[in-house]
Amino acid sequence: MSAPDRAQVQALYPSLAALPAALLDQALRPEALLHLPAGAQIFAERQPCQGFPLLLEGTIKVVKTAPSGREMLLYRVEPGESCIITSSCLLGHAPYTARGVAEAPLTLLLLPAPLFDRLVAEYAPFRDFVFHLFSARLAELMELVEEVAFQRLDQRLARLLLAKGADTLIATHQQLAEELGSVREIVSRLLKGFAAQGLVALGREQIAIKDREGLKALAGAVR
């Protein structure tokens with residue numbers, strides 16, 4: 001079993017660099033390094049939290065599922081970040097309230113809960129990292145609440161398409177619906193409307209942006 005790359009971990013998570021050698025060795029145990037395939041479920045709602053993940057490679061999407069089965073993307077975790085829902089579960093000794101899924105093959109380092117508790121209690125740089133993460137994610141989630149509460153879905157969809165950056169997006173209508181907290185049928189209907197206006201062209205699991213300025217005008221209508 002290979003050990004985590006110490007230099008990579010410290011580069012992505014500088015708050016660990018100043019730890020005493022014994023504690024750092026404990027964090028970098030070979031058995032703490034996990035490799036997971038795309039689509040793997042990292043954690044599920046109502047599941048107890050086993051540790052604090054430090055993502056080294058890949059992307060995790062964190063989603064909330066309604067009783068109806070509809071899902072909403074809350075945020076993504078990239079290398080150098082971690083998950084505030086995991087932090088809150090560990091700090092509050094509570095089960096998960098959302099679901100985490102690997103969007104791409106993952107490499108992550110899982111700090112066991114007792115080590116997480118000790119680092120938060122005794123080492124200010126690590127504690128600052130955790131609470132800075134809370135602050136940044138809370139701002140993102142407040143923006144999401146504002147969008148859901150006060151913006152029309154067609155405007156949010158236009159913003160999402162623009163935020164992807166590419167002229168041709170490889171995505172299903174279901175994937176876009178999950179990111180918007182909507183359902184596939186409504187997103188498909190809106191996309192067909194966009195296509196009728198000449199804003200996009202629709203293909204199999206892809207969307208080509210034809211009128212970026214038109215999408216910007218729609219997305220910015222409430223600004």
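**Figure 1. The end of helix α3 in the predicted model.** Helix α3 is followed by His93, a residue with a positive phi near 50 degrees. Within α3 (84-92), the buried residues are Ile84, Ile85, Thr86, Ser87, Cys89 and Leu90. One of these, Ile85, is also among the residues with the most contacts inside the largest nonpolar core.

**Figure 2. Ser82 in the loop between β5 and α3.** Ser82 has a relative accessibility of 1%; because the limit for a buried residue is 20%, Ser82 counts as buried. With neighbours within four places in sequence left aside, the contacts of Ser82 are Phe52, Pro53, Val77, Phe129, Leu133 and Arg137. Between Ser82 and Asp128 the C-alpha to C-alpha distance is 13 Å, and the two residues are 46 residues apart in sequence.

**Figure 3. The largest nonpolar core and a second, separate core.** The largest nonpolar core comprises 41 residues. Leu16, Phe52, Val62, Ile85, Leu111, Leu119 and Phe126 have the most contacts inside this core. At least two core residues are supplied by each of the helices α2 (21-27), α3 (84-92), α4 (113-122) and α5 (124-150), and likewise by each of the strands β3 (51-57), β4 (60-65), β5 (71-77) and β7 (106-112). The second core, separate from this one, has 20 residues, including Leu161, Leu176, Ala177 and Ile209. In soluble globular proteins, nonpolar side chains tend to be buried together.

**Figure 4. The aromatic pair of Phe116 and Phe126.** Seven aromatic pairs are present in the structure. In the pair formed by Phe116 and Phe126, the ring centres are 6.0 Å apart and the planes meet at 80 degrees, an edge-to-face arrangement. Phe116 belongs to helix α4 and Phe126 to helix α5, so the pair ties together parts that are ten residues apart in sequence. Both partners are buried: the relative accessibility is 0% for Phe116 and 1% for Phe126.

**Figure 5. The surroundings of Phe126 and the aromatic cluster.** Apart from neighbours within four places in sequence, Phe126 is in contact with Ser15, Leu16, Phe52, Leu111, Phe116, Leu119 and Val120. Among these contacts, Leu16, Phe52, Leu111 and Leu119 are listed with Phe126 as having the most contacts inside the largest nonpolar core. One aromatic cluster is formed by Tyr13, Phe52, Phe116, Phe126 and Phe129. Two members of the cluster, Phe52 and Phe129, are also in contact with Ser82.

**Figure 6. The second largest pocket.** This pocket has a volume of about 210 Å³. Its lining consists of 15 residues, and Arg76, Lys164, Ala171, Gln175 and Glu179 lie nearest the centre. Strands β4, β5 and β8 (168-170) and helix α7 each supply at least two lining residues; the largest share, four residues, comes from α7. By class, seven of the lining residues are nonpolar, two are polar and six are charged.

**Figure 7. Ser182 in the loop between α7 and α8.** The loop that holds Ser182 lies between α7 (173-180) and α8 (184-196). With a relative accessible area of 8%, Ser182 is buried. Not counting residues up to four places away in sequence, Ser182 touches Arg70, Glu71, Leu153, Ala177 and Val187. Of these, Ala177 is one of the residues of the second nonpolar core.

How values were computed
Residues numbered from 1 in each chain as written. Predicted model: local features only at pLDDT ≥ 70, side-chain atom pairs only at ≥ 80, totals over all residues. Heavy atoms only, no water. Buried < 20%, exposed > 50% of the residue type's maximum accessible area, 1.4 Å probe, protein only. Contact = heavy atoms within 4.5 Å. Core = buried A, V, L, I, M, F, W, Y, C linked by side-chain atoms within 4.5 Å. 1 Å grid on protein atoms, 1.4 Å probe; cavity = no way out; pocket = protein on both sides within 12 Å on 5 of 7 lines; lining within 4 Å. Points joined across faces, edges and corners; volume = space filled by probe spheres on them. Nonpolar A, V, L, I, M, F, W, Y, C, P; charged D, E, K, R; others polar. Phe/Tyr/Trp six-rings, centres within 6.5 Å; stacked < 30°, edge-to-face > 60°.
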